[in-house]
Amino acid sequence: MCRIFAGIIKEGDIAPILRIGLKRLEYGGYDSAGIATIYEGKIHVKKDKGKIDEIHQKLNLDELKGNIGIAHTRWATHGAPSKINAHPHLDCNGNIAIVHNGIIENFLELKQELEQLNHKFVSKTDTEVIAHLIEEYYKVFKNFKEAFIEAIKRLQGSYAISVISTYEPDKIFLAKNGAPLLLGKGKDFNFASSDAIAFIDKTKECIPLEDNEIAIISLEGYEIYKLGSGTKVNRKPIFLNWNLEQASKEGYDHYMLKEIMEQETSMRWSLNAQKIYLELISDYMDKADKVFLVGAGTSYHSCVVGSYYYSKLATVTTIPVIASEFIENYGSSIDINTTILFVSQSGETADVLNAVDFARKRACTILAICNVIGSTLTRVARAYVLQQSGPEIGVAATKTYTSQLIIHLLLALNLAKKRGKISQYEMDEIKEALNEIPFLAGKILREKSKEIKEVAKRIINKNHVFFLARGLNYGTALEGRLKLLEIAYIPSTAYPAGESKHGPISLIEEGVPIIFIAPKDETRKQIIGNMMEMKTRGAEIITLAEEDDEEIKSLSNIFIGMPKMNSIITPILYILPLQLLAYYSSVLKGLDPDKPRNLAKSVTVL
Ligand code: M6R
């Protein structure tokens, strides 16, 4: 799991552009990084272990000369993070340099084959094998494009690859299978990257590559070919409407905080998601016997909340499933009559794409909610709706979660209408509630930050935190817990409150914090019962409840009052204080919430 960036410019040196672009890609991996350029007929490389700024400070990456180059930021899969294992990797003679995102599954057998041909390997990575393989084929073909294609054909696994070579010093060779790769087209330059964020300040014209395609970029333009047949592909650029400002920190200390705080806006965008696609997806869902909702991590949690929406509003049974379990759990029972709504912010999560692949082979109907246009998921889905969150850089999903919830709610409403399950009065009430969402989000975020910071001080030294809720907000408990756990490294458990007495209650003793999500809905009476059970056992009760709920207030050690709202929108708004709680807990512990250890923004390996 890494990110790559490559480019050629007419004038000047490419290295500073690559470094700045790479910095924006750091969310995809940050244990080592490097850049290679071609200057005066030779390849020059600077790389090291660590984050890009640290490496730049040490090595001055900008000093690399040359108008063509490739760059990489790494999240180790094969070979520990180290200078030697950092990309770019070279062939034996230093004429070929490569960067790669993905995993080459057959690298060991290729390595053995090449070692027998006297190739000398310096790293422990799977990537280095590709440079030597191209080198070997170049000896045969004496034509770099042919050597590149033959080498790529030998690879099994996933990859987004970018290669420069002294044999073709004005071209960048690219290949894609199972990892994202996009071209950025300009007048006096051309780029390629795992994510358009790397070049979006230079061009908004973007060409996504498909699996099993290779591409060549030069100052003259771009060429795309099918890997198997060699057929030339004629693909026009799509226009990206994101700007760099949207992708930068805008004065906040961390991307995570910026992204939490901008939810008033992102929610407004999501509420305006394209109606024709919402309509199309709900048509498919309407005709289905049952619908699976599949996602990983936060996106899975949105599916949990979604399943309550579809059932409560439209009486449609949906089954939320964790992507990595989908094939084992339901693989044998899905077929042409199965409809699956996949949810993925990035559209590139390997567990999700693996399930998609499996489901496609069984002729299932693939639907999607996704944030990234041109991502693999949007390209393979029968129909998809963009969640319109804007780019999310922080590793923790925040604004993309609330956008996904809004899309589920809009789909559920569409379905309810189609099925005649909702009265005009109910519809008007929900529409009114939807309109209030952005305003309420802004209010909560502005008014609650200080208070939440104080709560964070109370929990950061605790050994364990519980999150309990019922009904619609069970998903809120799951998501609040994931945020705290992944960003602040505080062990946490989330349960449906009713289930807590079937085991977890044995962990409760004096001072154990339990966060109850307890809005005024039909589950309120029961959740009060659960609060009492826990209070009697000495738990520290922290509640998120309606501000005038005196009964709940009297049971709480810490009470976080939320504005009055229609209970249907509570999952979208009650998660906000929990996102802030995770953020402040992380910062108070001296951690970097944007770069939690061992995590990457989009997990592109199984
Ligand atoms: O891009 P996706 O929505 O498919 O990503 C799914 C998960 O990897 C992601 O939500 C992950 O759990 C984050 N760490 C959540 O903050």
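Contact here means heavy atoms within 4.5 Å. The views below come from a predicted model.

**View 1. The loop residue R470 and its contacts.** R470 sits in the loop between β21 (465–469) and α15. Neighbours within four places in sequence are set aside in this view. Beyond them, R470 is in contact with A497, G498, K501, T523, Q526, I527 and N530. R470 counts as buried because its relative accessibility is 17%, and the cut-off for buried is under 20%. A distance in the same view links R470 to P320. These two residues are 150 places apart along the chain, and their C-alpha atoms are separated by 16 Å.

**View 2. M534 in helix α16.** Helix α16 spans residues 524–536 and holds M534. The relative accessible area of M534 is 1%, so the residue is buried. Its contacts, leaving aside neighbours within four places in sequence, are L468, S500, I505, I508, I514, F516, A539 and I541. V512 lies 22 residues away along the chain. The C-alpha atoms of M534 and V512 are 9.4 Å apart.

**View 3. The largest nonpolar core.** This core has 86 residues. Which of them touch the most other members? They are Y310, L341, I437, I569 and L573. Helix α14 (residues 424–459) gives the most to this core, with 13 residues. Apart from this core lies another, of 30 residues. Its members include F107, F121, I134 and A147. In soluble globular proteins, nonpolar side chains tend to be buried together.

**View 4. Close-up of Y310.** Y310 is one of the residues that touch the most other members of the largest core. Residues up to four places away in sequence are not counted here. Y310 touches M285, L293, T315, V316, T318 and L341. Y310 also touches H408, L411, A412 and L415.

**View 5. The shell around the ligand.** The ligand has 13 residues around it. S299, S344, S346, T349 and E486 come nearest. By type, the shell divides into four nonpolar, seven polar and two charged residues. Helix α9 supplies the largest share, three residues.

**View 6. Polar contacts of the ligand.** A polar backbone atom of T298 is 3.0 Å from an oxygen atom of the ligand. Q345 places a backbone N or O atom 2.7 Å from a ligand oxygen. S346 uses its side chain: an N or O atom there is 2.7 Å from an oxygen atom of the ligand. How much of the ligand's accessible area does the protein cover? On its own the ligand has 410 Å² of accessible area, and the protein covers 92% of this. The elements that give two or more residues to the shell are α9 (297–314) and α15 (474–488).

**View 7. S375 beside a ligand-shell residue.** S375 belongs to the loop between β19 (365–370) and α12 (376–380). With a relative accessible area of 2%, S375 is buried. A polar atom of the S375 side chain lies 2.7 Å from the backbone oxygen of V372. Leaving aside neighbours within four places in sequence, S375 is in contact with S346, G347, E348 and C370. Of these, S346 is among the residues that come nearest to the ligand.

**View 8. S586 in helix α18.** Helix α18 covers residues 570–588 and contains S586. Is S586 buried or exposed? S586 is buried, because its relative accessible area is 0%. Sequence neighbours within four places aside, the contacts of S586 are I487, A488, L591, D592 and P593.

**View 9. The cis peptide bond between H87 and P88.** Omega for this bond is about -5°. P88 is placed in the loop between β4 (68–74) and β5 (89–90).

**View 10. Positive phi at N118 and N598.** N118 is not a glycine, yet its phi is about 75°. N118 lies in the loop between α3 (107–116) and α4 (128–141). N118 is exposed, with a relative accessible area of 57%. N598 is found in the segment after α18. Phi of N598 is near 65°, again a positive value in a residue other than glycine. N598 counts as exposed, at 64% relative accessibility.

Definitions and conventions:
Residues are numbered from 1 along each chain as its sequence is written. This is a predicted model: local features need pLDDT of at least 70, side-chain atom pairs count only at pLDDT 80 or more; totals for chains, interfaces and linings use all residues. Side-chain values use heavy atoms; hydrogens and water are left out. A nonpolar core is a set of buried Ala, Val, Leu, Ile, Met, Phe, Trp, Tyr and Cys residues joined through side-chain atoms within 4.5 Å. Buried means under 20% relative accessible area, exposed over 50%, partly exposed in between (1.4 Å probe, protein chains only). Helices (H or I, at least four residues) and strands (E, at least two) are DSSP runs, numbered from the N terminus. A residue is near a molecule or strand if one of its heavy atoms lies within 4 Å of it. A polar contact is a pair of N or O atoms within 3.5 Å; within protein, one must be able to donate a hydrogen and the other to accept it, and residues adjacent in sequence count only if both atoms are side-chain atoms. Accessible areas come from the Shrake-Rupley method with a 1.4 Å probe; for residues, only the protein chains shown count as cover. Ala, Val, Leu, Ile, Met, Phe, Trp, Tyr, Cys and Pro count as nonpolar, Asp, Glu, Lys and Arg as charged, and the others, Gly among them, as polar.
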